[in-house]
Amino acid sequence: VQLQASGGGLVKPGASLRLSCAASGSIFSVNTMGWYRQAPGKQRELVAVIDSGGSTNYADSVKGRCTISRDNYKNTWYLQMNSLKPEDTAVYYCNADLRRSPVSRAREYWGKGTEVTVSS
């Protein structure tokens, strides 16, 4: 199983970005899909997560500015980020808790990350 994140870039404050993460390989079901970020010198933190039922959870720092969504048919999820701030600068990692077969246990997978830089 591989998770491929994309959509990062250099933007100015107030701009928007849409990150995508596509999971490929042998996948039976995906439970939760999420986005984390790690800024230089800081620990990785949760940005947003969405479960199989569509329930979402966001970090306080991005509530109202970010929206996580998923396409179950494509095993792809997205993070729409609006009104970006310099403090949003980080490497964004996608994460999924998934099962590879009906009899396998769910485990966590990580993508390699996509860099977001917000600077004027």
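Reader: Which residue stands opposite Ala5 in β3?

Author: First, a caveat: this is a predicted model, where local features need pLDDT of at least 70, side-chain atom pairs count only at pLDDT 80 or more, and totals for chains, interfaces and linings use all residues. Residues are numbered from 1 along each chain as its sequence is written, and side-chain values use heavy atoms, leaving out hydrogens and water. β1 and β3 (strands are DSSP E runs of at least two residues, numbered from the N terminus) pair in the antiparallel sense over five bridges, pairing being at least two DSSP bridges between strands. Within β3, the residue opposite Ala5 is Cys21.

Reader: And which residue in β8 stands opposite Arg18?

Author: β3 and β8 also pair in the antiparallel sense, over six bridges. Opposite Arg18 in β8 you'll find Gln80.

Reader: Which strand gives the most to the largest nonpolar core?

Author: That core (buried Ala, Val, Leu, Ile, Met, Phe, Trp, Tyr and Cys joined through side-chain atoms within 4.5 Å; buried is under 20% relative accessible area with a 1.4 Å probe, protein chains only) has 32 residues, and Leu3 and Trp77 are among those touching the most other members. Several strands, including β1, β3 and β8, each supply at least two residues. The top contributor, with five residues, is β9.

Reader: How far is the charged end of Arg107 from the ring centre of Tyr109?

Author: A charge sits over a ring if Lys NZ or Arg CZ is within 6 Å of the ring centre and within 35 degrees of the ring normal. Arg44 lies over the face of Tyr93 at 3.8 Å from the ring centre. For Arg107 over Tyr109, the distance is 4.0 Å.

Notes:
Buried means under 20% relative accessible area, exposed over 50%, partly exposed in between (1.4 Å probe, protein chains only). Helices (H or I, at least four residues) and strands (E, at least two) are DSSP runs, numbered from the N terminus.
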